[in-house]
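User: I'd like a close look at one strand in this model and then whatever you can tie to it. Keep it informal, but give me the cut-offs.

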Amino acid sequence: MTRIRMVGFDADDTLWRSEDYFHAAQAEFERIVGTYVDLDDVGARLYAIEKANIELFGYGVKGMALSMVEAAVQITDARIHARDLHRIVGLAKELLQHPVELLPGVREAVEAVARDFDIVLITKGDLFHQEKKVRDCGLAGLFRRIEIVSEKDTGTYGRLLEEFDCQAREFLMIGNSLRSDIAPVLALGGWGVHVPYHLTWAHETEAEVAADAPRLRVVEDARGIPAAVAAAAREAAALA
């Protein structure tokens with residue numbers, strides 16, 4: 001019988017706040033650069049550099065910091081002072097030191113799902129930073145496996161599912177990013193619960209999934225996760 005055997009959780013902006021801090025750091029970066037140039041597209045130019053650097057630096061705070069330094073030099077035609085470059089590095093250090101703040105209802109949702117399914121955590125980003133957040137979140141003991149990966153695409157999910165000895169049709173992924181958490185899992189034949197977050201990095205919006213796509217549930221926040229997972233499990237069983 002077809003059934004959901006395993007449930008995966010994303011971490012940043014699904015379990016705890018993350019993009020809020022990145023958004024604030026970018027706003028401060030734009031203020032720093034804005035003292036040198038009068039441009040309306042500083043954010044867009046920073047994102048273009050970040051996107052081009054992903055293959056070199058990967059995701060996370062350190063990659064963002066290097067891209068901010070590169071963007072600051074480029075946008076100001078190398079006129080930016082060393083003290084302001086130091087301020088930009090300081091923004092990265094602040095991001096790395098933020099405490100983990102679980103989103104409302106997350107602890108209860110994860111505990112509820114863990115009572116009925118094997119659960120795994122699948123996140124991407126800087127290894128040290130993600131390990132620290134997982135350590136500090138207070139939920140690590142609930143997960144059968146914790147995977148910190150360089151990218152979340154069909155290839156990565158396919159490899160992980162093989163390691164988990166779990167078929168795609170038996171797997172459900174929960175997350176805020178259509179690009180990283182939902183689209184690749186649906187493409188493999190798995191299930192998804194999308195939990196939109198009020199802020200999303202532009203890179204994570206580069207995917208389209210219809211709200212009524214097969215095997216997809218959409219909830220407003222973490223409190224809706226257990227019911228959505230249960231509904232998907234019932235539907236999976238009915239397809240047998």
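Analyst: What follows starts at a single strand and works outward through the helices, pocket and cavity.

First, the ground rules: this is a predicted model, where local features need pLDDT of at least 70 and side-chain atom pairs count only at pLDDT 80 or more, while totals for chains, interfaces and linings use all residues. Residues are numbered from 1 along each chain as its sequence is written, and side-chain values use heavy atoms, with hydrogens and water left out.

The strand to look at is β5, residues 191–194. Helices here are DSSP runs of H or I with at least four residues, strands are E runs of at least two, and both are numbered from the N terminus. Trp 191 and Val 193 point to one side of β5, Gly 192 and His 194 to the other, and all of them are buried (under 20% relative accessible area, with exposed meaning over 50% and partly exposed in between, for a 1.4 Å probe and protein chains only).

β5 has partners to look at too. β4 (residues 171–175) runs parallel to β5, joined by four bridges, and Met 173 has Gly 192 as its bridge partner. β6 (residues 216–218) also pairs with β5 in the parallel sense, over three bridges (pairing takes at least two DSSP bridges between two strands). There, His 194 stands opposite Val 218.

Getting from β4 to β5 takes you over helix α8 (residues 178–188), and the three make a right-handed β-α-β unit. Right-handed means that, with the strands pointing away from the viewer, the path from the first strand over the helix to the second runs clockwise.

The loop between β4 and α8 holds Asn 176. Asn 176 is buried, at 9% relative accessible area. Leaving out residues up to four places away in sequence, Asn 176 touches Asp 10, Asp 12, Asp 13, Thr 14, Asp 181, His 194, Val 195, Pro 196 and Tyr 197 (a contact is heavy atoms within 4.5 Å). So the list leads back to His 194, which belongs to β5.

Step back before β4 and you meet Asp 165, in the loop between α7 (154–164) and β4. Asp 165 has a positive phi, near 55 degrees, and is not a glycine; at 60% relative accessibility, Asp 165 counts as exposed. Phe 164, in α7, is buried instead, at 2%. Not counting neighbours within four places in sequence, Phe 164 is in contact with Met 6, Val 120, Ile 122, Arg 144, Arg 145 and Glu 147. The C-alpha atoms of Phe 164 and Leu 188 are 15 Å apart, with their positions 24 residues apart along the chain.

Now for the open space. The largest pocket has a volume of about 700 Å³. A pocket is an open set of points on a 1 Å grid over the protein atoms alone, with protein on both sides within 12 Å along at least five of seven lines; a cavity is a set where a 1.4 Å probe fits but cannot get out, and lining residues have an atom within 4 Å of a point. Points are joined across faces, edges and corners, and the volume is the space filled by probe spheres set on them. Of the 39 residues lining the largest pocket, Glu 19, Phe 22, Tyr 59, Trp 201 and Glu 204 are the closest to its centre. Elements giving two or more residues to that lining are α1, α2, α3, β2 (118–124), α6 and α8, with α2 supplying the largest share, six residues.

There is one cavity of 30 Å³ or more in the whole structure, and the largest has a volume of about 90 Å³. Its lining includes Trp 16, Tyr 21, Phe 22, His 129 and Lys 133, and α1 and α6 each give two or more residues to it. Phe 22 therefore turns up at the cavity as well as among the residues closest to the pocket centre.

One of the pocket-lining helices deserves a last look: α3 (residues 61–75) has 15 residues and reaches 20 Å from first to last C-alpha, close to the 21 Å expected (1.5 Å times one less than the number of residues). Its buried residues include Val 61, Met 64, Met 68 and Ile 75, and the cover over its buried residues includes α1, α2, α4 and α6.
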